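Visitor: I've got the coordinates open and a coffee in hand. Can you walk me through them?

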Amino acid sequence: MEQRVYPKRCSKTLAETVTNIEELLTEILLRVPAKPLLRFKCVSKHWLSLISDPKFCHRHTLQNPNSSISAVFRHSSKNFSFISIPPDHDPSGHDHISARWNPLSVIANRYGHIDIIHSCNGLFLCCPHGEKNTGISTCFVLNPTTNQFLTLQFPRAEPSYIMGCSLAFDPSKSPHYKVICIDSIYGVVECQQYKILIYSSETRTWRLLDSIFNMNQRIDYENGVYWNGAIHWIGLFCEISYYHVDEERVKFVKSTPHCYQKKWQDREYSYFKESSGGHLHLIDIYKPCLTKFEVLEMGRDYSGWFVKYNVDLDPLCTSFSTGFRYGVYFVLFLDRVENEEEDSSSLFLHIPGQVVSWNPKSKTFKSFQLTNDQDFLVEENNYLYKETLACV
């Protein structure tokens with residue numbers, strides 16, 4: 001009688017084998033974007049423990065330093081709204097666009113309304129509503145991706161007036177961040193000198209630098225931008241003061257001659273941010289011509305501003321009856337165009353109810369309908385959001 005021999009059935013599937021090999025599973029999960037990864041916590045208690053481990057979060061942060069922009073936030077938890085990037089993307093992590101998503105509520109529900117004062121590579125620095133212009137007493141570091149936040153109280157060893165705070169966070173170098181604060185000497189805003197107060201997430205301590213720095217009255221110390229390892233503050237005539245975080249020194253960059261020729265009284269709107277690809281850009285829009293302006297870029301060696309693009313939005317005026325001709329728009333960000341030449345970028349602009357992506361070189365555009373209402377979802381004070389598992 002013929003006998004058949006059947007191979008033994010594998011007791012485990014390939015997926016189960018991978019799951020049980022801790023190192024292999026970790027390497028796979030490290031390559032998954034932050035938002036889907038958070039949903040994977042529901043797979044099992046083991047996955048929940050692994051993904052929640054601060055060591056895993058640190059590794060994921062270092063391995064995924066260049067997250068793309070997921071959204072643009074309005075500056076306050078009061079009447080909060082956002083624009084998804086791209087507009088059909090849902091940064092809340094749900095399967096549908098969640099217009100009610102408010103990542104600031106995790107703090108606001110406990111401390112009252114808050115304002116964003118800085119964003120840096122996925123982390124947000126916030127303060128109680130209205131304190132940005134009256135002296136900051138408390139600040140919060142928030143990760144909207146994980147809904148984690150840290151409350152920071154300033155050390156009060158001497159009279160203090162915190163004029164401005166900024167985040168220094170570079171996930172390509174470290175999973176840790178620093179909070180850089182401008183502390184006015186003698187606790188008054190009119191003082192001509194300041195000290196720098198630094199909080200380190202690595203040591204969980206505050207440190208006051210011994211050096212005293214002279215204040216430039218034309219510099220706006222309330223709004224800093226992190227770029228090239230330093231916090232930068234812009235001046236009335238486009239000059240820059242910056243503090244290099246690792247070297248702990250303050251430097252000054254003079255403006256270009258043609259910036260001094262501009263009439264600052266006619267400045268209608270100003271944009272000062274780091275753009276994708278690691279570039280620092282400045283856009284000043286002046287009356288009466290609100291559709292023509294320059295995009296300035298700072299040399300990485302601080303050799304000064306140079307004109308990256310001359311922008312002319314007049315072609316958009318024929319396609320959009322309202323908005324551009326009368327200056328009823330806001331600049332969201334400048335983003336490099338994928339699959340095109342290196343210096344090709346798109347300028348993302350917001351008009352009521354829509355986002356317009358304008359390419360200054362090809363003079364082409366794409367438009368995205370946001371809402372049926374002709375309203376702004378974000379305004380001049382807007383902040384970029386990127387997904388990250390960085391611990392706060």
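Visitor: Let's dive in: in which loop is Pro86 found?

Guide: First, a word on ground rules: this is a predicted model, where local features need pLDDT of at least 70, side-chain atom pairs count only at pLDDT 80 or more, and totals for chains, interfaces and linings use all residues. Residues are numbered from 1 along each chain as its sequence is written, and side-chain values use heavy atoms, with hydrogens and water left out. Helices (H or I, at least four residues) and strands (E, at least two) are DSSP runs, numbered from the N terminus. With that naming, Pro86 is found in the loop between β2 (82–84) and α6 (105–111).

Visitor: What is omega for the bond that joins Ile85 and Pro86?

Guide: As background, most residues other than glycine have a negative phi, and most peptide bonds are trans. There is a cis bond between Lys287 and Pro288, with omega about 5°, and Pro288 lies in the loop between β17 (279–286) and β18 (292–298). Ile85 and Pro86 are also joined by a cis peptide bond, and there omega is about -5°.

Visitor: Is Tyr302 buried or exposed?

Guide: Tyr302 is in the loop between β18 and β19 (305–312), and its phi is near 60°, a positive value in a residue other than glycine. The cut-offs are: buried under 20% relative accessible area, exposed over 50%, partly exposed in between, with a 1.4 Å probe and protein chains only. At 17% relative accessibility, Tyr302 counts as buried.

Visitor: And Asn79, buried or exposed?

Guide: Asn79 has a positive phi too, near 60°. It is found in the loop between β1 (69–74) and β2. Its relative accessibility is 63%, so Asn79 counts as exposed.

Visitor: How many helices and strands does the protein have?

Guide: Some totals to go with that: 50% of the 392 residues count as buried. Taking contacts (heavy atoms within 4.5 Å) with a separation of 6 or more, residues 24 or more positions apart account for 47% of them. As for the elements, the protein has eight helices and 24 strands.

Visitor: Which element gives the most to the largest nonpolar core?

Guide: A nonpolar core here is a set of buried Ala, Val, Leu, Ile, Met, Phe, Trp, Tyr and Cys residues joined through side-chain atoms within 4.5 Å. The largest has 39 residues, and Tyr177, Val179 and Ile196 touch the most other members. Elements giving two or more residues include β3 (114–120), β8 (178–184) and β9 (193–200). With six residues, the top contributor is β7.

Visitor: How many residues are in the second, separate core?

Guide: Among its members are Ile69, Tyr271, Leu349 and Val355. The second core has 34 residues.

Visitor: How are α4 and α5 oriented to each other?

Guide: The axes, lines fitted to C-alpha atoms over the stretch in contact, with angles from 0 to 180 degrees between N-to-C directions, come within 5 Å for α4 (residues 45–52) and α5, crossing at roughly 60°. The scheme is under 35 degrees roughly parallel, over 145 roughly antiparallel, 65 to 115 roughly perpendicular and the rest oblique. That makes α4, relative to α5, oblique.

Visitor: Which residues of α5 make the contact with α2?

Guide: The axes of α2 (residues 22–29) and α5 (residues 54–63) come within 10 Å and cross at roughly 45°, so these two are oblique as well. On the α2 side are Thr26, Glu27 and Leu29. On the α5 side are Phe56, Arg59 and His60.

Visitor: How many disulfides does the structure hold?

Guide: The test is a pair of cysteine sulfur atoms within 2.5 Å. For Cys238, the nearest cysteine sulfur is that of Cys259, 3.6 Å away, and Cys238 is buried at a relative accessible area of 3%. For Cys317, the nearest is that of Cys289, 9.1 Å away. The number of disulfides is zero.

Visitor: Last one: how far apart in space are Gln354 and Phe368?

Guide: Gln354 is found in strand β22 (residues 354–359) and counts as buried at 16% relative accessibility. It touches Phe368, along with others including Phe320 and Leu349. The pair is 14 residues apart in sequence, yet the C-alpha to C-alpha distance is 5.5 Å.

Conventions: Lists of a residue's contacts leave out its neighbours within four places in sequence.
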